[in-house]
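Me: Hi! I am new to reading protein structures and would love some help. Could we look at one together?

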Amino acid sequence: MQQLKERYKKIFPSNQVKILDEVYDYASRMHDGQTRDSGEPYIIHPIAVANILLDLGLDYKTIAAALLHDCIEDTPATDCEIRDKFGDEICELVLGVTKLDKITFKSKEEEQAENFRRMFFAMAKDIRVILVKLADRLHNMRTISSISEERQNAMAKETLEIYAPLASRLGLSYFKCELEDMCLKVLHPAVYESLVNEISLKRAERNELVNRICEQLTKLLKELKVKGEVSGRPKHFYSIYKKMVNQGRTFEQIYDLTAVRVIVENVRDCYEVLGMIHTVWKPIPGRFKDYIAVPKPNNYQSLHTTVMTGYGMPFEIQIRTYEMHKIAEYGIAAHWKYKENRKEANELDEKLEWLRGVMDEAGDASTSPQEFYESLKLDLYSGQVFIFTPKGDVVILPEGSTPVDFAYNVHSAVGNKCVGAKINNKIVPLETKLTTGDYVEIITSNTAKGPSRDWLRFAKTAQAKSKIRAFFKKEQKEDNIKRGREMLEEEAKRRGYSLNQLLVQKWLDIIMQRYSISSMDDLYASVGYGGFTVNQILLKLIDFYRKEAESVRQPSKSAATTDDSVVHGVIVKGHSDLLVRMARCCTPVPGDEIIGYISRGRGVAVHRKSCPNMRNAEPYRLIEAHWAGNQNAPFAVAMQVEAKNSNGLLMQITTILSELKLSLHSLNARVDKNRNAIINFGVKVTKIEQIDALIKKIQQIPEVEKVFRSSSL
């Protein structure tokens, strides 16, 4: 920490240094006593992340967020406390990189997908969020050896799928190359070690060749009277591995293990140096790329040429300006000063144009977390095609894009009024895939009714899909409401239900909250324009209806002749003809002390007297209840076991169930972040004594720390 303090004291004014000191003291206090998997104090990780971001030249608020980025997730710290102490901006940055561990997800995949969606929402507000997250991942990868092999593989796979491509799209080769190499080391250790050994053996020979070419290029610069510098740059391991896999080559067949880089002062010098190089060495056809005239989507600019040297092997030479080199290494971080310069801000917005489509897709309520995650991977992995507009401008789109994607890239209005397209002056179907060099003209009409739903089938970019959905959502809302209700009514009737029978407000509230829908009209409209399928909504309503029917049964005729209700072996005093059901929150069984709760419209719910939900219940709703005489019917009861994870743990528990002649109702087992086993299971019993016997038996297992009845199945 002392090293970090010395660094930021040299960079920031005293008032900002004071805030960073306070941030560190707070983070250190919050993480006190916590350790990493390596056994080191946890605070080492936030400090390392802050150091990485200082290397990128980021502002003090980003450094503060780096020091605090794990506080909300892993310590008692709250966002309100951080907001009060350090302000809104720092708090929002921290929230942007905080995972959603406190929300329950159906699966690990859904949790991962929702984390990425939340991160991208935060990026829309402030791009520094992703810089903190990338620095966080970089340090985690640097220290990955201290975690289990299974977790190493999972982290490396996620890094290779999302974080390395994302760093590439943002122009952060500083992050990209190191992340990819570390992933290769984890996922393919034998390949990595082989490359390290092979490159080490040829290092002396290669360095001699590189030095000769650098000397020759330095002489050329002097002859041209161009100021600049020449250096060799070894290719990183992962790029060599990809070339071997993609091109089917052996290591011995890869010649361009090192590229020579020429950095000059201006663009004119770049082309002048290129011309001189091509007069000295023969260029290899098809291996010249002009990324200055047509930059990559991440704003990377450089001239790449591969020439045949006089030493009997080809060599790649890159030519760029100092400013281009800065962008190539640090990408978006090189533009961070935009906060103080509005012109720079507009320029940065243009550089992040590709993110807008991703953000539109993330914000679409009809897009599930998994769909967004897959769309994001597709957008990051896709190659690019370079398309020309009628004015000669270049538009960069993902491979597989169509004229529809091109139209919406130009403007929403162009896409909505599109009625056809020409590629290279020839009229083509709108689903035609574009290739690099195509000249595309969109045919529009003011009388066009808008896009077709079929376009969603072949549109490639998230931006185009989102704008097509937005059209149907906004422009045709009334028609969509009507169409959506009719679609739901027809499907409900086909399945043997009345729609009104299924439209129960409490069920609708759950669905609308799940999908962020604010009203019934919005729900109908979403179905009408295709945001949700009919079955997405209807099957959930039918599921609610069936569960309600199963849990609420009419009392028997004999019970109706008395003043008590007897249902499920429970006697409810003073009332007859009541609907009686067992509460799922505490699953009472014979032998438990019970009480009835009169609910609105659902009869009497029978709870255990010790049920937490009964503590604050309105007294006038409580009603006396007790078990009827002999009880033979089995009841399902929920149990939870917390234990040290070990081989055979589940088998020991199921053996005990077998010995006690108890049948299993359900089972769910997982390992928490402390690597302890959490086992939830439902078991059928007829009396409470069976539960006591079960608990005693399970407590005798050495690894078991806790066993108790849980709140619900």
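Reply: Gladly! Let us begin with a term: a salt bridge is a side-chain nitrogen of Lys or Arg within 4 Å of a carboxyl oxygen of Asp or Glu. Keep in mind that this is a predicted model.

Me: How many salt bridges does the structure hold?

Reply: There are 15 salt bridges in the structure. The general idea is that side chains of opposite charge can pair when their charged atoms come close. One case is Arg-83 with Asp-88, where the closest N and O atoms are 3.4 Å apart. Arg-83 itself is partly exposed, at 26% relative accessible area.

Me: Which residue forms a salt bridge with Glu-89?

Reply: Glu-89 pairs with Arg-128, and their closest N and O atoms are 2.5 Å apart. This pair links distant parts of the chain: Glu-89 sits in helix 7 (residues 88-97) and Arg-128 in helix 9 (residues 128-142), 39 residues apart.

Me: Is Arg-128 buried or exposed?

Reply: For this you need a cut-off: buried means under 20% relative accessible area, exposed means over 50%, and partly exposed is in between. Arg-128 has a relative accessible area of 0%, so this residue is buried. Its partner Glu-89 has 31%, so Glu-89 counts as partly exposed. Both residues also belong to a network of salt bridges that links Asp-59, Lys-61, Glu-89 and Arg-128.

Me: What do the side chains of Glu-158 and Arg-137 form?

Reply: They meet in a salt bridge, at 2.7 Å from N to O. Glu-158 lies in helix 10 (residues 149-169) and Arg-137 in helix 9, so this pair ties together parts 21 residues apart in sequence. Glu-158 is buried, with 15% relative accessible area, and Arg-137 is buried too, with 6%.

Me: Now for sheets. What is the order of the strands in the open sheet of 4 strands?

Reply: The order is 19-20-18-21, and the pairing is antiparallel. Strand 19 (663-671) and strand 21 (704-709) stand at the edges with a single partner strand each, so one side of each has no neighbour in the sheet. On average, neighbouring strands here are turned by 15° against each other, direction ignored.

Me: How many bridges join strand 18 to strand 20?

Reply: These antiparallel strands, with residues 635-644 in strand 18 and residues 676-685 in strand 20, are joined by 10 bridges. You can find one facing position by looking at Lys-644, which stands opposite Asn-676 in strand 20.

Me: Which strands does helix 29 touch?

Reply: Helix 29 (residues 649-659) packs on the sheet and touches strand 18, strand 19, strand 20 and strand 21. The direction of helix 29 makes about 15° with that of strand 20. Helix 30 (residues 688-699) also packs on the sheet, touching strand 18, strand 20 and strand 21. Its direction makes about 170° with that of strand 21.

Me: Which residues form a nonpolar patch on the surface?

Reply: Leu-650, Leu-664 and Leu-667 do, with about 240 Å² of accessible area together. Leu-650 lies in helix 29 and is partly exposed, at 36% relative accessible area.

Me: Let us finish with the whole chain. How many helices and strands does the chain have?

Reply: The chain has 30 helices and 21 strands. Of its 713 residues, 48% are buried. The chain exposes about 36,400 Å², and carbon and sulfur atoms supply 49% of that area.

Technical notes:
Residues are numbered from 1 along each chain as its sequence is written. This is a predicted model: local features need pLDDT of at least 70, side-chain atom pairs count only at pLDDT 80 or more; totals for chains, interfaces and linings use all residues. Side-chain values use heavy atoms; hydrogens and water are left out. Two strands pair if DSSP finds at least two bridges between them. Helices (H or I, at least four residues) and strands (E, at least two) are DSSP runs, numbered from the N terminus. Axes are lines fitted to C-alpha atoms, for helices over the stretch in contact, and angles run from 0 to 180 degrees between N-to-C directions. Contact means heavy atoms within 4.5 Å. Patches are made of residues with over 30% relative accessible area and no salt bridge: like charges are joined within 9 Å, nonpolar side chains (Val, Leu, Ile, Met, Phe, Trp, Tyr) within 5 Å. Accessible areas come from the Shrake-Rupley method with a 1.4 Å probe; for residues, only the protein chains shown count as cover. Buried means under 20% relative accessible area, exposed over 50%, partly exposed in between (1.4 Å probe, protein chains only).
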